[in-house]
Amino acid sequence: MGLENSTDGASAAGGCLCGAIRYQLAQQPARVTLCHCRFCQRSTGAAYMVQPACDGADFTVTQGRTKPYRHISAGSGEAIEIHFCDTCGTKIYQTFERFPGAVGLYSGTLDDPNWLQVTPEASKHIFLETARTDTLLPAETPLFKEHAMAADGEAITPLVLDNPIPASEL
């Protein structure tokens, strides 16, 4: 059902459970955020969200039309729009008032979940203050108790571990 990932591995395709929504991603995302906030836990039904973040120009809905749900972030006070399939309810991607032009994918919607490259150099874990205590935090990856950026846009210095530890030890 739907598009295949390119043979060169540069682009990828994905979609919803029922097949009504399909999308194409032109290239690997610039970064992957692993978010442990309560919003992302509730939104995914998992311990954290694995969210490839890309430029909106690299993301195209190729079939169907998503429906947006607007949510005000408890952290920033700015809007997040969750775009989902109105037929089956699958969440496909998010857009952000705080980060205009950016798209955050729900990575589970990729046709090939192994296409996504999650490396320490291009990923970060955020909102670890609300992480499940049994979550294993990786070494050599930027870790943040809250967001990686202050409300005023200033970057926050990450914690980087030499060895993995459970979140309960953070």
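## Exercises on a predicted β-rich chain

Read along the sequence, the protein chain follows the pattern β-β-β-α-β-β-β-β-β-β-β-β-β. Here helices (H or I, at least four residues) and strands (E, at least two) are DSSP runs, numbered from the N terminus. The model is predicted, so local features need pLDDT of at least 70 and side-chain atom pairs count only at pLDDT 80 or more, while totals for chains, interfaces and linings use all residues. Residues are numbered from 1 along each chain as its sequence is written, and side-chain values use heavy atoms, with hydrogens and water left out.

### Exercise 1: the whole chain

Task: Count the helices and strands, then judge how compact the protein chain is.

Solution. Start with the count: one helix and twelve strands. Next, take the radius of gyration, computed over C-alpha atoms. The value is 16 Å. The globule rule, 2.2 Å times the number of residues to the power 0.38, gives 15 Å for 170 residues. The two are close, so the protein chain is as compact as a globular protein of that length. Finally, check burial: 42% of the 170 residues are buried, meaning under 20% relative accessible area with a 1.4 Å probe, protein chains only (exposed is over 50%, partly exposed in between).

### Exercise 2: the three-stranded sheet

Task: Find which strands stand at the edges of the open sheet of three strands.

Solution. Write the order: β1-β2-β5, with antiparallel pairing. Two strands pair if DSSP finds at least two bridges between them. β1 (12–15) and β5 (59–63) each have a single partner strand, so these two are the edges, and one side of each is left without a neighbour in the sheet. Now look at β1 and β2: four bridges join them. Gly15 stands opposite Arg22 in β2.

### Exercise 3: the seven-stranded sheet

Task: Trace the open sheet of seven strands and state how its strands pair.

Solution. Recall the general rule. Strands of a sheet pair through backbone hydrogen bonds, either parallel or antiparallel. In this sheet the order is β6-β7-β8-β9-β4-β3-β10, and the pairing is mixed. β6 and β10 (123–126) stand at the edges, since each has a single partner strand.

Step through some of the pairs:

- β6 (residues 67–72) and β7 run antiparallel, joined by six bridges. Ile72 stands opposite Ala79 in β7.
- β7 and β8 also run antiparallel, joined by five bridges. Ile82 stands opposite Gln94 in β8.
- β3 and β10 pair in the parallel sense over four bridges. Val32 has Ser123 in β10 as its bridge partner.

Then examine the turns. Six residues lie between β6 and β7 in their hairpin, where Gly77 has a positive phi of about 75 degrees. The hairpin of β7 and β8 also has six residues between its strands, and there Gly89 has a positive phi of about 85 degrees. Strand β7 (residues 79–84) is mostly covered, with five of its six residues buried.

### Exercise 4: the cores

Task: Which residues touch the most other members of the largest nonpolar core?

Solution. A nonpolar core is a set of buried Ala, Val, Leu, Ile, Met, Phe, Trp, Tyr and Cys residues joined through side-chain atoms within 4.5 Å. The largest has 17 residues, and Phe59 and Ile92 touch the most other members. β2 (22–25), β3 (31–35), β8 (91–96) and β9 (102–105) each supply at least two residues of this core. Beyond its neighbours within four places in sequence, Ile92 has contacts (heavy atoms within 4.5 Å) that include Tyr23, Phe59, Phe84 and Leu105. A second, separate core has 13 residues, among them Cys35, Met49, Ile126 and Phe127.
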